[in-house]
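User: I'd like to go through the labels on this one and hear the reasoning behind each. Can you take me through it?

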Amino acid sequence: MSGATNAAFPERAPRPAQPLIPVYRPDLSGNERAYVLNCIDSTWISSLGAYIGKFEAAIAAVTGAKHATAVSNGTVALHLPLHCMDIGPGDEVIVPAFTYIASVNTIAQTGATPVFCESLPGDWLMDPADVERRITPRTKAIMPVHLYGGACDMPAILEIARRHGLKVLEDAAEALGTTLNGQHVGTFGDAGTFSFFGNKTVTTGEGGMVVTNDDDFAARLRQTKGQGQSLTRRYWHEILGFNYRMTNICAAIGLAQTERLPAILAAKKRLAAFYRTHLANLPVTFQTAMPGVESADWLVSLLLPSGTDRERVMADMQARGVETRPVFYPAHHMPMYQSAEHFPVAEDIAARGISLPSFPALSDDELGRVCEALTAALMDQGKA
Ligand SMILES: *Cc1c(COP(=O)(O)O)cnc(C)c1O
């Protein structure tokens, strides 16, 4: 690429010969349209309507949780149970430094202090031994985050939580369809949450879900998400609440998506296997699940070799028609959570990780183009 530009011929990245392969594109080819039209035709477009209960029941069935309550996004899905666990100022919640910012922000939104912990080098998830080191008399809860379709070491985390009398809230936003020893993530702790943002495994546009097996806690979640209104007496608000409700339109989309979840998961399993096979000879390191984990492969993610210029790899791949995305920056590098402390594993993953296109409709031809683009980009840097 030449550095010279002028007004008439602004410098552009070389035009890809074929259309850009995005990292994600939802597949809305099932009953989504019919169910949404049903909402409009029936005028049930707000947060009452039959699809809410049906979608909640569908997610409860998929996860095996006793209760599921729909909310407006995956972020409030975290804030709601934290609030209902009475977590607030003076309390500490342990959360990985390497996570999406919503995990950390929702802790701060309660007034509690997020306490960062280290990640494991293999699966990139919460390091239970480091969690234990960070427990203080103020610790109230642990928030494991099942990133990229992985599953945290829940037996170890639950054992620590029980010994110290701590709550466990699982952020399973990226892990719908993931199981550990046959049990769905999000159902190990006191509560678990899912996100249905546009690039998540099941989408409702914006949406979220909280699951729990505790009857009293489920009732508290339900009341709190609806302005604290009594579940039996209208306009009687007996506890502080929020409006975190999902609309019937979103639930209609979510129900149609969940009907096709097995097909979506099968497609993702296939594309993850394709990448692992066709990139096996590159010096890249895939996120590696611990034994017993059946990953839903939300975004197939890998570490580039040390010393690679990640920005250049991503720009090279983009020029070859393939979109990628960097993994998350560690939370302790963000201005509002800035800390001098080091989390070497989390920082290394954050610096070298990228996610590949991982949407269910990817064809073999497209998957092949992604592999070729990554190979070529690494060869450009003498890394392949
Ligand atoms: C997507 C996501 C969330 C938040 O979900 P939204 O629906 O975007 O609010 C929370 N945690 C993790 C790990 C996520 O990936």
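Analyst: Below, labels are set against their cut-offs, one topic at a time. This is a predicted model, where local features need pLDDT of at least 70, side-chain atom pairs count only at pLDDT 80 or more, and totals for chains, interfaces and linings use all residues. Residues are numbered from 1 along each chain as its sequence is written, and side-chain values use heavy atoms, with hydrogens and water left out.

User: Let's start with burial. Why is Thr110 called buried or exposed?

Analyst: Buried means under 20% relative accessible area, exposed over 50%, and partly exposed in between (1.4 Å probe, protein chains only). Thr110 has 13% relative accessibility, so it counts as buried. It lies in the loop between helix H4 (101-109) and strand E3 (113-117); helices (H or I, at least four residues) and strands (E, at least two) are DSSP runs, numbered from the N terminus.

User: What does the side chain of Thr110 contact?

Analyst: A polar atom of that side chain lies 3.1 Å from the backbone nitrogen of Ala112. A polar contact is a pair of N or O atoms within 3.5 Å; within protein, one must be able to donate a hydrogen and the other to accept it, and residues adjacent in sequence count only if both atoms are side-chain atoms.

User: What makes strand E8 enclosed?

Analyst: Five of the five residues of E8 (residues 191-195) are buried, so the strand is largely enclosed by the rest of the structure. Both faces are covered: Ala191, Thr193 and Ser195 are buried on one side, Gly192 and Phe194 on the other.

User: How do you know which strands E8 pairs with?

Analyst: Two strands pair if DSSP finds at least two bridges between them. Strand E5 (residues 167-171) and E8 have three, in the parallel sense, with Glu170 opposite Gly192. E8 and strand E9 (residues 208-212) have four, in the antiparallel sense, and there Phe194 has Met209 as its bridge partner.

User: What makes E7 and E11 edge strands?

Analyst: They belong to an open sheet of three strands in the order E7-E6-E11, with antiparallel pairing. Strand E7 (183-184) and strand E11 (293-294) each have a single partner strand, so one side of each is left without a neighbour in the sheet. Strand E6 (residues 179-180) meets the pairing rule with E11 through two antiparallel bridges, and Thr179 stands opposite Glu294.

User: Now the ligand. Which residues come nearest, and what counts as near?

Analyst: A residue is near a molecule or strand if one of its heavy atoms lies within 4 Å of it. There are 13 residues around the ligand, and Thr75, Asp171, Glu174, Ser195 and Lys200 come nearest.

User: How do you know that Thr75, Ser195 and Lys200 make polar contacts with the ligand?

Analyst: Just check the distances. A polar side-chain atom of Thr75 is 2.5 Å from a ligand oxygen, for Ser195 the N or O atom is 2.7 Å from one, and for Lys200 the value is 3.1 Å. The protein also covers 93% of the 380 Å² of accessible area that the ligand has on its own; accessible areas come from the Shrake-Rupley method with a 1.4 Å probe, and for residues only the protein chains shown count as cover.

User: On to charges. Why is the Arg260 and Glu32 pair called a salt bridge?

Analyst: A salt bridge is a side-chain nitrogen of Lys or Arg within 4 Å of a carboxyl oxygen of Asp or Glu. Arg260 and Glu32 meet at 2.7 Å, N to O. Arg260 lies in the loop between helix H8 (248-259) and helix H9 (261-278) and Glu32 in helix H1, so the pair ties together parts that are 228 residues apart in sequence. Arg260 and Glu32 are both buried. By this rule the count comes to 18 salt bridges.

User: How do Lys140 and Asp91 fare on burial?

Analyst: That salt bridge has an N to O distance of 3.4 Å. Lys140 has a relative accessible area of 29%, so it is partly exposed, whereas Asp91, at 14%, counts as buried.

User: And what about Asp380 and Arg320?

Analyst: Their closest N and O atoms are 3.7 Å apart, and they form a salt bridge. Asp380 sits in helix H12 (residues 364-380) and Arg320 in the loop between helix H10 (310-319) and E13, 60 residues apart. Asp380 is partly exposed at 42%, and Arg320 is partly exposed at 36%.
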